[in-house]
Amino acid sequence: MARDKVILAYSGGLDTSVMVPWIGEKYNLDVVAFTVDLGQGEDIERIRQKALKTGAVDAVAVDARNLFVDCFVWPALMAGAVYEGKYPLATALGRPLIAKLMVDAAKEHNATAVAHGCTGKGNDQVRFDVTFQTLAPHLKIIAPVREWKMTRDEEIKLAAKHGIPVEATKESPYSVDLNLWGRSCEAGVLEDPWDEPPADAFAWTVDPAKAPDEPEYVEIEFEHGRPMGLNGKRLDGVPLIAKLNELGGKHGVGRIDHIENRLVGIKSRELYEAPAAVILHDAHRELESLCLSKQAQRFKTLVAQEYADMIYNGLWFSAFHQDLAAFVVSNQRFVGGFVRVKLFKGKATVVGRKSEHSLYSKQLATYDTGDKFDHEAAKGFIRLWGLGQQTQAQRQLLKGGKGFDLPGLLGQGRREA
């Protein structure tokens, strides 16, 4: 009698490899291994073949890099979504896409369950489970790491029992996740927020102190808030990000050390490397300063925070996201042009920006010949601008002929000499 199937998010590492026989034995399910290439730099065909040798009844490998960039990374960049002002949301953006593709695979294979390797104290379990519950509430969700109590040594023994090849028996001191948009690193010595991250925690970026002694300049072209070209050459999203990761990493750009507030209620110390994300967010923000009105730019900062929280909290497939996205698309329709960025010793500095939609007028801003600003109009403007404050001061704050008590004004009261 044929068994029901489960779609397992499969990385080829020890945990997910051991899950193949473990799920089969505990839940009496046939496992379909599902691997998604988001630009993590691994051979997904090799991983697919390993899954089959491990005991999966089928193994699917999907190249979703373009889909990831076009439908997840670029919208987040357009929104200015950076969690708590530091994290560009690389892993957080990848999880809902993987979960969506797993739901599609479950339909194709007539599976009754989905499974992932997330722990019980991380954010990724929320992103996977909420997406599954939203898109396919009928599917059973299996999370073996939340269930089993195995140590790493016990997992290795289970792998040996089932003839599963284990490429390395020495446990890495860090927990690492990566895709095209960024690399995250945690655990080990990083769990003490007082300790400086050791050199071996980094893989994409050189030590800024050892970066080249000469700066390098890059010119990025944007249309409707999306990057479209680099150094005068039109590029699709995947190669554009890859090139900026290479250039930024060479100059030590993109290192982020973050004490992060996880959704599950704890603080964690996270180390990120995201050269392209840091460069593009800085460049995009500077182009917005040129092309957006004051009101639109300031309101956009509120939307950016909500957008980042929405992504981080696993609510990508929500009506609220559609509402935010509608504003962002409208807000970005004139955000186009070129931004020049200097890469030097760990910093990405915007040194130039231009746009045909620019709201900057040199004729109004200049103090030299050609000044078109109406200086005479300033006197009347200032008179009206300060009228409310002047009226309040005369009627309330200066009543009785008293002057302003500066300590009192600041809520400090007078101090005795």
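This passage describes the fold of a single chain, from its overall form to selected residues. The model is predicted.

The chain has 417 residues, of which 44% count as buried. Its C-alpha trace spans about 90 × 60 × 45 Å along the principal axes. The secondary structure comprises 15 helices and 14 strands. The accessible surface amounts to about 22500 Å². Carbon and sulfur atoms account for 52% of that surface. Many contacts link parts of the chain that are separated in sequence: among contacts between residues at least 6 apart, 72% join residues at least 24 apart.

Strands of a sheet pair through backbone hydrogen bonds, in either a parallel or an antiparallel sense. One open sheet has five strands in the order S3-S2-S1-S4-S5. The pairing in this sheet is parallel. Strand S3 (58–63) and strand S5 (140–142) stand at the edges. Each has a single partner strand, so one side of each is left without a neighbour in the sheet. Neighbouring strands are turned against each other by 25° on average, direction ignored. Within the sheet, strand S1 (residues 5–9) and strand S2 (residues 30–37) run parallel and are joined by five bridges. Lys 5 has Asp 30 of S2 as its bridge partner. Helix H2 (residues 44–54) lies across S2 and S3. The angle between H2 and S3 is about 165°.

A second open sheet also has five strands, in the order S10-S9-S8-S13-S14. Here the pairing is antiparallel. S10 and strand S14 (347–354) are the edge strands, and each pairs on one side only. S9 and S10 pair over two bridges in the antiparallel sense. Gly 229 has Arg 234 of S10 as its bridge partner. Two helices can be placed against this sheet. H3 lies across strand S8 (216–223) and S9, at about 100° to S9. Helix H8 (residues 237–250) lies across S8, S9 and strand S13 (337–344), at about 70° to S9.

Strand S6 (residues 175–179) and strand S7 (residues 182–186) form a further antiparallel pair, joined by five bridges. A hairpin of two residues connects S6 to S7. Asp 177 stands opposite Ser 184 in S7.

Helix packing is illustrated by H10 and H11. Two packed helices are described by the angle between their axes and the distance between the axes. Helix H10 (residues 294–312) and helix H11 (residues 319–331) pack at an angle of about 145°, and their axes are 11 Å apart. The crossing of H10 and H11 is left-handed. H10 contributes Ala 296, Phe 299, Lys 300, Val 303, Glu 306, Tyr 307 and Met 310 to the contact. H11 contributes Phe 320, His 321, Leu 324, Ala 325, Phe 327, Val 328 and Asn 331. The residues of this contact divide into 10 nonpolar, two polar and two charged.

Two helix residues were examined individually. Phe 132 belongs to helix H5 (residues 124–135). Phe 132 counts as buried because its relative accessibility is 1%, under the 20% limit. Beyond neighbours within four places in sequence, Phe 132 is in contact with Ala 99, Met 102, Val 103, Val 114, His 116, Pro 137 and Ile 141. Leu 93 lies 39 residues away from Phe 132 along the chain, and their C-alpha atoms are separated by 15 Å. Glu 288 belongs to helix H9 (residues 275–291). Glu 288 is buried, with a relative accessible area of 7%. With neighbours within four places in sequence left aside, the contacts of Glu 288 are Met 78, Gln 297, Lys 300, Asn 331, Gln 332 and Val 335. Among these, Lys 300 and Asn 331 also take part in the contact of H10 with H11.

Backbone geometry picks out two loop residues. Most residues other than glycine have a negative phi. Leu 89 is not a glycine, yet has a positive phi of about 75°. Leu 89 lies in the loop between helix H3 (65–79) and helix H4 (90–109). At 0% relative accessibility, Leu 89 counts as buried. Asn 231 likewise has a positive phi, near 50°. Asn 231 is found in the loop between strand S9 (226–230) and strand S10 (233–234). At 45% relative accessibility, Asn 231 counts as partly exposed.

Technical notes: Residues are numbered from 1 along each chain as its sequence is written. This is a predicted model: local features need pLDDT of at least 70, side-chain atom pairs count only at pLDDT 80 or more; totals for chains, interfaces and linings use all residues. Side-chain values use heavy atoms; hydrogens and water are left out. Axes are lines fitted to C-alpha atoms, for helices over the stretch in contact, and angles run from 0 to 180 degrees between N-to-C directions. Helices (H or I, at least four residues) and strands (E, at least two) are DSSP runs, numbered from the N terminus. A crossing is left-handed if the near helix is turned anticlockwise from the far one by less than a right angle, and right-handed if clockwise. Contact means heavy atoms within 4.5 Å. Ala, Val, Leu, Ile, Met, Phe, Trp, Tyr, Cys and Pro count as nonpolar, Asp, Glu, Lys and Arg as charged, and the others, Gly among them, as polar. Buried means under 20% relative accessible area, exposed over 50%, partly exposed in between (1.4 Å probe, protein chains only). Accessible areas come from the Shrake-Rupley method with a 1.4 Å probe; for residues, only the protein chains shown count as cover. Two strands pair if DSSP finds at least two bridges between them.
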